[in-house]
Amino acid sequence: MTRLDPTRFDPVEEAITRAHREEWARVVATLTRRLGDLGAAEDAAADAFATAVERWPHDGVPPNPGGWLTTTATRKAIDRLRRELRRDEKHQEAALLHDDDPPLDRGAVEDDRLRLVFTCCHPALSPEARVALTLRMVGGLTMPQIARAFLVPEATMGQRLTRAKAKIRAAHVPYRVPTAQDLPARLDAVLTVLFLVFNEGYLATGSDTEPVRADLTAEAIRLTRLVRELLPDDSGEVTGLLALMLLTEARRPARVSSTGELVTLGEQDRSRWDTELVDEGHHLVRERLAVVAAGGPPPGRYQLLAAINAVHTAAKDARDTDWSQVVTLYDRLVRVDPSPLVALDRAIAVAELDGPDVALALVDRLPLAGHHAFHVTRAELLRRLGRRAEALEAYDRALALSANTAETAYLTRRRSQLD
């Protein structure tokens, strides 16, 4: 792809970057519906963005960047069909692409992007491959971002995605609009994808991106609302995920300071929180609690995370947080999801209840040496214990692994205070 000269075309480069973030998934979803081929759709979208990099600096940014990209990608796809396969049936497919509203069965899912989420979560693929592929196609996340979400090296994640696409081609897995019967079996993978897309938006990675990407968090919330409408009789995890997103998104206005530094939960100005989102999130949590109390299924991962966030957002001041209840909820969550990251979050709550020494003993047993949150937590606990040299080393490790600009600024300040 042609590179832009940032000294000459900053506004254009910014426009292309913004278009990629906002339009990638929509373009891929539209072309996948028309082509019936996920790989071809991604290739055509990539070609369109490459063309934008070449032409926009000279021709100017079009009035409707998204429409321009979709039209260009469609033409690229048509050209490929005509060039590679000259058979009559492929000409018919190309003709179909010219139709702005092709008469394709939309199945049980009306929304293009949500349908692509369910389609990528095909049962022929492994659970990890489904999630990774959807993050790439729908969320528009880069390979490093997806690798960080899975706590694996970038090369490993690249191999997984390559194998997933190869399996789709080799097994002739068709692009098929999911039916209503398909949806429940794919729900867990879909919720995982939406959760990871939201997380990437709330703590965005990359030195050339905003620390918080409201476009990703808003899209994740929108799609989760659609899933809840689509499956009103689900086990409660869709509602739990929506509540979790709302309660987390409510804190976004206070998340980053005016100087671009991350503001921790305990230091946030709670008057800046979005009270409407807090109220809606609390309502959903109470709704699920009532179902469980009436003999419904026990809460899953997202419902418990939502309940933990409800405790945090119910406190008018950080000092009023009911840490005993938070730890109790984490105890239940660990039984449902015994992952090291959940254990790390539980240890942070334990520090507030039983002290940093108890928490540090728990943290040091976790296999998270390659994860920045592990070193951030250790640095803060060591700081509270007065172990300055060890805290400085932990801050250095955290800074080396941090990929969020606001978090980097926060850690740099915290470290300099010790130095």
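Tutor: Accessible areas come from the Shrake-Rupley method with a 1.4 Å probe, and for residues only the protein chains shown count as cover. In this predicted model, local features need pLDDT of at least 70 and side-chain atom pairs pLDDT 80 or more, while totals for chains, interfaces and linings use all residues. Residues are numbered from 1 along each chain as its sequence is written, and side-chain values use heavy atoms, without hydrogens or water.

Student: How much area does the protein chain expose, and what share do carbon and sulfur atoms supply?

Tutor: The protein chain exposes about 20,000 Å², of which carbon and sulfur atoms supply 51%. A residue is buried under 20% relative accessible area, exposed over 50% and partly exposed in between (1.4 Å probe, protein chains only). Of the 419 residues of the protein chain, 50% are buried.

Student: How many helices and strands are in the protein chain?

Tutor: Helices (H or I, at least four residues) and strands (E, at least two) are DSSP runs, numbered from the N terminus. The protein chain has 19 helices and zero strands.

Student: How should the crossing of helix 11 and helix 13 be read?

Tutor: Axes are lines fitted to C-alpha atoms, for helices over the stretch in contact, and angles run from 0 to 180 degrees between N-to-C directions. Angles under 35 degrees count as roughly parallel, over 145 as roughly antiparallel, 65 to 115 as roughly perpendicular and the rest as oblique. The axes of helix 11 (residues 237–249) and helix 13 (residues 301–314) come within 7 Å and cross at roughly 30°, so the two helices are roughly parallel to each other.

Student: Which residues make the contact of helix 11 with helix 13?

Tutor: Contact means heavy atoms within 4.5 Å. Among the residues involved are Leu241 and Leu244 of helix 11 and Leu305 and Ala306 of helix 13. Ala, Val, Leu, Ile, Met, Phe, Trp, Tyr, Cys and Pro count as nonpolar, Asp, Glu, Lys and Arg as charged, and the others, Gly among them, as polar. The contact of helix 11 with helix 13 has eight nonpolar, five polar and two charged residues.

Student: Where is Gly296?

Tutor: Gly296 lies in the loop between helix 12 (275–293) and helix 13. With 25% relative accessibility, Gly296 counts as partly exposed. Its C-alpha atom is separated by 8.7 Å from that of Ser235, 61 residues apart along the chain.
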